[in-house]
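Me: I would like to learn how to read a model of this kind, one feature after another. Could you take me through it?

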Amino acid sequence: MQKFDTLRSKLIPLPHNNIDTDQIIPARYLKVTDKSGLAEGLFTDWRYEDDGSPKEDFVLNDDRYQEANILLAGDNFGCGSSREHAPWALVGWGVQAVVSTSFADIFKSNALKNGLLPVVVDEETHQSLFDLTEEAPDAEVHIDLGAQEMTLPDGSTVEFPVDAFAKSCLLAGVDQLGYIQSFDEHITSYEQERAIFG
Amino acid sequence: MTQARTLFEKVWDQHVIVQEKASPAVLYIDLHLIHEVTSPQAFTGLRQRGLKVRRPDRTVATMDHSTPTTPLSVPMLDTQAASQLSMLEENCQEFGIELHKLGSKKQGIVHVIGPEMGLVQPGMTIVCGDSHTATHGAFGTLAFGIGTSEVEHVLATQSLLQHKPKTYEVRIDGQLARGVSAKDIILALLSKIGVHGGTGHVFEYTGSAIRGLSMEERMTVCNMSIEGGARAGMVAPDETTYEYLAGREFAPQGDEWDQAVARWKDLPTDEGATYDNSVTLDTSDLAPMITYGTNPGLGMQVTERIPDPDKLPNVNERQALEKALNYMALKPGQPLLDHPVDVVFIGSCTNSRISDLRLAAGLIKDRKVAEGVRMLVVPGSQSVKRQAEAEGLDEVFKNAGAEWREAGCSMCIAMNGDQLEPGQYAVSTSNRNFEGRQGKGGRTFLASPLTAAATAINGRITDARSMLQ
Ligand code: SF4
């Protein structure tokens with residue numbers, strides 16, 4: 001897994017609530033058998049006209065954000081399907097953190113397993129970040145996972161919560177399977193005990 | 001005396017293998033269901049790490065999402081979908097997993113076949129790389145959807161890392177009026193709590209209305225828990241559960257059955273146990289529900305008018321509703337009754353079981369699908385299909401002018417060519433009305449099988465109660 005410690009970037013504003021994983025990556029892109037090439041499908045129905053040309057008013061088509069890595073999205077980001085293709089597509093495009101007031105449970109869990117950091121902020125901060133993208137769209141914020149802190153262009157900082165276990169995995173760039181495997185003996189004895197009653 | 005616990009807490013406690021401080025629990029998984037779309041990368045991961053599937057005997061696979069629902073004799077033109085299917089077959093062969101592949105007698109939607117084979121039993125933990133795994137909670141199991149990385153974890157270790165979710169009692173009391181069904185209960189709940197009211201929680205559905213539902217109806221309710229943000233929704237097992245399970249292929253038999261039932265009887269929430277959150281719903285004044293927006297929480301009674309975004313207090317909600325109505329090409333204050341539709345879809349893991357088909361067929365019998373309307377009926381499994389055919393339901397649908405298909409997810413997710421054209425309106429018994437969910441540019445109204453059938457006959461959104469004698 002991609003390691004995550006700090007990140008400096010502009011914020012890509014996408015102010016819709018309840019952005020579901022069908023929008024992030026429509027089902028017709030799920031016929032792949034690997035993880036590559038999904039960036040093409042990212043927000044594709046919002047991003048492209050029917051003839052395949054880019055929709056000019058969609059934020060991901062804005063030259064300003066081509067190198068940006070932080071998506072600023074509306075409430076309840078990533079609801080709907082459990083498809084891990086959603087974080088794969090976001091990461092494939094270059095998104096490394098998503099800032100919102102809340103995330104759907106499965107999306108959050110999937111994101112954390114792919115080096116994609118969900119940053120939860122309160123409503124007031126959320127609104128001020130959207131204001132920032134209007135007033136100073138080129139301004140950058142800095143995310144420090146170790147300190148669980150986001151620094152805004154005016155130097156002020158915002159703390160954000162991260163689950164301690166996921167944080168240590170992200171900082172080290174290790175996935176979670178190793179941790180489960182370290183309990184192999186426990187799993188075996190659990191299976192033996194449970195076998196008595198099915 | 002031990003502390004009073006909820007159904008969820010009992011199942012959770014029994015499956016925690018390890019709980020270290022400040023870490024998620026290592027949770028044992030009793031049954032892992034897999035399908036072609038969310039598993040290939042997990043098997044690749046196993047191979048790269050040189051791992052085996054720890055418990056192939058607790059893993060069951062089917063093909064459902066990208067499968068055609070045309071007869072098997074029609075060649076599959078989608079080479080990408082075909083390669084996904086053959087990859088699942090190779091993976092199952094290599095790792096020793098039982099696969100119900102296309103054309104086999106037990107194939108079907110993963111959340112339909114598990115229960116019908118008796119694989120799903122009270123007290124179990126069940127996962128699948130699919131968010132509607134919540135369906136299985138109808139049996140008093142803790143069942144939830146996982147991502148592909150987690151599919152790999154479960155394949156390798158039969159365990160999963162999980163933080164303990166909070167509990168949420170959804171109490172539903174009252175009688176269901178004629179023409180009102182389980183689908184209307186869950187759509188009404190979602191319109192009340194919204195699409196993230198349950199985030200971080202596991203629902204437990206309680207109350208007299210839930211007790212009165214059949215297992216298939218309970219599955220319909222639990223299925224859409226995820227649409228309220230809850231990864232799982234559970235119903236305590238009772239006589240209805242045992243009656244459904246008794247005699248099914250993988251259900252315990254003889255003495256083992258008696259012992260199992262005795263264990264299951266300990267599962268219901270103890271008196272005095274408390275939940276972190278709760279909501280109540282009275283079904284007495286419930287009417288058939290329909291969605292008008294682009295998430296399942298945007299629903300109303302079929303006789304109501306579309307709400308006005310300007311009247312919403314919260315600016316975010318206002319914008320969200322405006323965006324939804326814009327996509328749907330609908331106006332505030334507009335009624336949906338008599339709104340024309342192009343397609344009616346009866347199917348999906350929400351409403352494709354035999355009782356759903358019986359309800360729809362009962363209304364359609366001796367009637368015709370309206371001119372210009374395409375009606376697709378897709379049974380949830382080959383077993384449901386056989387049963388329906390034995391009862392002559394296929395003839396009812398075909399005589400009315402509907403298409404009778406092979407089992408699969410079909411137009412619920414539109415991966416297999418069964419899809420809406422841009423701009424088309426559909427009444428669908430599935431669970432998601434997201435933009436483009438049933439085909440790019442397609443517009444979905446979610447409703448019950450009865451509403452869908454009545455709408456198909458009139459070609460316009462109909463209150464099914466007006467057609468029931
Ligand atoms: S029927 Fe629809 S919701 Fe159910 S498993 Fe298939 S695609 Fe998912």
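Reply: Let us begin with burial: a residue counts as buried if 20 or more other C-beta atoms lie within 10 Å of its own, the C-beta atoms being placed from the backbone. Please keep in mind throughout that this is a predicted model.

Me: With that cut-off, what percentage of the 469 residues of chain B count as buried?

Reply: In chain B, 60% of the 469 residues count as buried. The chain is built from 15 helices and 19 strands, and its radius of gyration of 21 Å is close to the 23 Å given by the globule rule, so chain B is as compact as a globular protein of that length. Along the principal axes, its C-alpha atoms fill a box of roughly 55 × 55 × 45 Å. Among contacts in chain B with a separation of 6 or more, 78% join residues 24 or more positions apart.

Me: How should I read a single strand, and which residues of β19(B) are buried on each side?

Reply: For a strand, one looks at each side in turn. In β19 (residues 443-446) of chain B, R443(B) and F445(B) are buried on one side, while T444(B) and L446(B) are buried on the other, which leaves both faces covered. Strand β18 (residues 425-428) of chain B pairs with β19(B) in the parallel sense over four bridges, and T444(B) is the bridge partner of A426(B).

Me: And for a helix, where do the buried residues of α6(A) fall as seen down its axis?

Reply: In α6 (residues 164-172) of chain A, the buried residues include A166(A), C169(A) and L170(A). Seen down the axis, the buried residues fall within an arc of 100°, so they line one face of the helix. They pack against α4 (105-112) and β4 (117-120) of chain A, and the helix is followed by G173(A), which has a positive phi, near 70°.

Me: How many residues does each chain give to the contact between A and B?

Reply: The size of an interface is often given as the accessible area lost when the parts come together. Here one can count residues instead: chain B gives 55 and chain A gives 46. On the side of chain B that touches chain A, the largest share, six residues, comes from α5(B). By class, that side has 20 nonpolar, 26 polar and nine charged residues.

Me: Finally, which residues are closest to the ligand?

Reply: The ligand is surrounded by 14 residues, of which S348(B), C349(B), C409(B), C412(B) and I413(B) are the closest. The shell divides into six nonpolar, six polar and two charged residues.

Key. Residues are numbered from 1 along each chain as its sequence is written. Chains are lettered from A and ligands numbered from 1 in the order in which they are written. This is a predicted model: local features need pLDDT of at least 70, side-chain atom pairs count only at pLDDT 80 or more; totals for chains, interfaces and linings use all residues. Two residues are in contact if their C-beta atoms, placed from the backbone, lie within 7 Å. Helices (H or I, at least four residues) and strands (E, at least two) are DSSP runs, numbered from the N terminus. Ala, Val, Leu, Ile, Met, Phe, Trp, Tyr, Cys and Pro count as nonpolar, Asp, Glu, Lys and Arg as charged, and the others, Gly among them, as polar. A residue is near a molecule or strand if its C-beta atom, placed from the backbone, lies within 6 Å of it. The radius of gyration is taken over C-alpha atoms; the globule rule is 2.2 Å times the number of residues to the power 0.38. A residue is buried if 20 or more other C-beta atoms lie within 10 Å of its own, exposed if 12 or fewer, and partly exposed in between; C-beta atoms are placed from the backbone. The arc is that of the directions from the helix axis to the C-beta atoms. Two strands pair if DSSP finds at least two bridges between them.
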